[in-house]
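Me: I have a structure to go through and would like help reading it step by step. Please start with the vocabulary.

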Amino acid sequence: SLRSWDGKTGKRLLNFKAHTEKILAVFIVNPISENTFLVSAGCDKKIRVWDLLSGKHVRMLEGHEDEVTSLMFAVVVINYGVGVCSSGE
């Protein structure tokens, strides 16, 4: 699972549970915005999107045939969304 901590106090804030196997990649999207997302991927072949402030799981992206080893993101003008690029089989 993934965890977040308060950088000043060291207190654990949230625990993000959903992956069924080892997590290999983590990325934070919009780190200075109210809409901050944590995105994770790994050996379970899934990419998961979390609301970083609440810890709620908001979306799962599937389609890889093997583990997802890396993530990259970019704001996309089309549909006013966030584009997700990942690597793996």
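Reply: A residue is called buried under 20% relative accessible area, exposed over 50% and partly exposed in between, with a 1.4 Å probe and protein chains only. This is a predicted model, in which local features need pLDDT of at least 70 and side-chain atom pairs pLDDT 80 or more, while totals for chains, interfaces and linings use all residues. Residues are numbered from 1 along each chain as its sequence is written, and side-chain values use heavy atoms, with hydrogens and water left out.

Me: How many helices and strands does the protein chain have?
Reply: The protein chain has zero helices and eight strands. Both are DSSP runs numbered from the N terminus, with at least four residues (H or I) for a helix and at least two (E) for a strand.

Me: What percentage of the protein chain is buried?
Reply: Of the 89 residues in the protein chain, 27% are buried. The chain exposes about 6,200 Å², and carbon and sulfur atoms supply 52% of that area. Such areas come from the Shrake-Rupley method with a 1.4 Å probe, and for residues only the protein chains shown count as cover.

Me: How many residues of strand 4 are buried?
Reply: Five of the six residues in strand 4 are buried, which leaves this strand mostly covered.

Me: Which strands pair with strand 4?
Reply: Strand 3 (residues 23-29) pairs with strand 4 in the antiparallel sense over six bridges, and five bridges join strand 4 to strand 5, also antiparallel. Two strands count as paired if DSSP finds at least two bridges between them. Phe 27 stands opposite Val 39 in strand 4, and Phe 37 stands opposite Asp 51 in strand 5.

Me: What is the phi of Lys 45?
Reply: Lys 45 has a positive phi near 70°, although it is a residue other than glycine. Most residues other than glycine have a negative phi. Lys 45 lies in the loop between strand 4 (37-42) and strand 5 (47-51), and these strands form a hairpin with four residues between them. At a relative accessible area of 37%, Lys 45 is partly exposed.

Me: On to the start of the chain. Where do the side chains of strand 1 point?
Reply: They alternate along strand 1 (residues 2-5): Leu 2 and Ser 4 point to one face and are buried, whereas Arg 3 and Trp 5 point to the other and are not. Strand 1 pairs antiparallel with strand 2 (residues 12-16) over four bridges. Ser 4 has Leu 14 as its bridge partner in strand 2. The hairpin of strand 1 and strand 2 has six residues between the strands, and Gly 10 in its turn has a positive phi of about 80°.

Me: How many aromatic pairs are there?
Reply: There is one aromatic pair. The rings of Phe 16 and Trp 50 have centres 5.5 Å apart and planes at 70°, so this pair is edge-to-face. Phe 16 is in strand 2 and Trp 50 in strand 5, so the pair ties together parts that are 34 residues apart in sequence. Phe 16 is buried at 1% relative accessible area, and Trp 50 is buried at 2%. The rule covers rings of Phe, Tyr and Trp (its six-membered ring) with centres within 6.5 Å; planes under 30 degrees apart are stacked, over 60 edge-to-face and the rest tilted.

Me: Last topic: is Arg 59 buried or exposed?
Reply: Arg 59, in strand 6 (residues 57-61), is exposed at 53% relative accessibility. Leaving aside residues up to four places away in sequence, Arg 59 touches Ile 47, Arg 48 and Val 49, where contact means heavy atoms within 4.5 Å. The C-alpha atoms of Arg 59 and Ile 47 are 8.3 Å apart.
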